[in-house]
Amino acid sequence: MVKKTREKFIEVARQLFARKGVENTTMNDIASASDKGRRTIYTYFKSKREIFNAVIDNESEQLLARLRFIVAKPISPEEKLQEYVGCRLQTMREIVSRNGSLRAGFFRDVRKVDRARSIITRKEASLLMEILHEGIESGDFRIKNVKECALVIVNAIHGLDVPYIRDSLSQYGLGDERIQKVIADLILNGIIVR
């Protein structure tokens, strides 16, 4: 019951944040839309920031679940990396699109985006490290520092979130599938001739 109530608050808050914006949503709005009293919401969340972070955590967990599924697939490390890149970009587009006015905040407030990303970056890098280690063990990848490599790849992909979500690269003839292939090829093969 406790978990169910908490999850209901999170989902209602997500919907209100998406429709009205975080700034225009009050704790009273969330309690009222959840058919709960204000005291009840404060037993679960101390502030609107705390419930906002819970919404971000919930959305992030959906992304991580998809990425974990890819990491566990019985395919080559190269295929995993390609699927990881595509899934990461597409899932972020879905999350941002689903959350209405949060989308405007995503494009407007870089600090807020960075705070939200910091929650998930380590987890994403950890999953990516699994793929990279697997590639090293199979002899497919040659990487000197797996952790550094994973962090750089994750942050490079993060840097593509806004252009990918806005579809601004399509003006150069780069559709979703092509972007995903170019990124994966760049990560896997680089640009130097050996």
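Val154 is buried, with a relative accessibility of 1%, where buried means under 20% relative accessible area, exposed over 50% and partly exposed in between, for a 1.4 Å probe and protein chains only. The residue Val154 belongs to helix α8, residues 146–159, helices (H or I, at least four residues) and strands (E, at least two) being DSSP runs numbered from the N terminus. Leaving aside residues up to four places away in sequence, Val154 touches Tyr84, Thr121, Glu124, Ala125 and Leu128, contact meaning heavy atoms within 4.5 Å. With Thr121, the C-alpha to C-alpha distance of Val154 is 7.0 Å, although their positions lie 33 residues apart in sequence as a separation.

The model is predicted, so that local features need pLDDT of at least 70 and side-chain atom pairs count only at pLDDT 80 or more, while totals for chains, interfaces and linings use all residues. Residues are numbered from 1 along each chain as its sequence is written, and side-chain values use heavy atoms, with hydrogens and water left out.

**Helix packing**

Two packed helices are described by the angle between their axes and the distance between the axes. Axes here are lines fitted to C-alpha atoms, for helices over the stretch in contact, and angles run from 0 to 180 degrees between N-to-C directions. Helix α4 (residues 48–72) packs against α5 at an angle of about 160°, the axes being 10 Å apart. That makes α4 roughly antiparallel to α5, since angles under 35 degrees count as roughly parallel, over 145 as roughly antiparallel, 65 to 115 as roughly perpendicular and the rest as oblique. The crossing of α4 and α5 is right-handed, a term used if the near helix is turned clockwise from the far one by less than a right angle, with left-handed for anticlockwise. From α4 the contact takes in Glu59, Gln62, Leu63, Arg66, Leu67, Ile70 and Val71, and from α5 residues including Tyr84, Cys87, Arg88 and Ile95. By class, the contact of α4 with α5 has eight nonpolar, two polar and seven charged residues; Ala, Val, Leu, Ile, Met, Phe, Trp, Tyr, Cys and Pro count as nonpolar, Asp, Glu, Lys and Arg as charged, and the others, Gly among them, as polar.

Helix α5 (residues 77–98) also packs with helix α10 (residues 176–189), at about 135° and with axes 9 Å apart. That makes α5 oblique to α10, and their crossing is right-handed. The contact of α5 with α10 has eight nonpolar, four polar and three charged residues.

**Salt bridges**

Eleven salt bridges are found in the whole structure, each a side-chain nitrogen of Lys or Arg within 4 Å of a carboxyl oxygen of Asp or Glu. Three of them are listed here.

| Pair | N to O distance |
|---|---|
| Arg14 and Glu59 | 3.7 Å |
| Glu124 and Arg88 | 2.6 Å |
| Asp176 and Arg93 | 2.5 Å |

Asp176 lies in helix α10 and Arg93 in helix α5, so the pair ties together parts that are 83 residues apart in sequence. Of these partners, Asp176 is partly exposed at a relative accessible area of 25%, whereas Arg93 is buried at 14%. Glu124 and Arg88 are both buried, as are Arg14 and Glu59. Glu11 joins Arg14 and Glu59 in a network of salt bridges.
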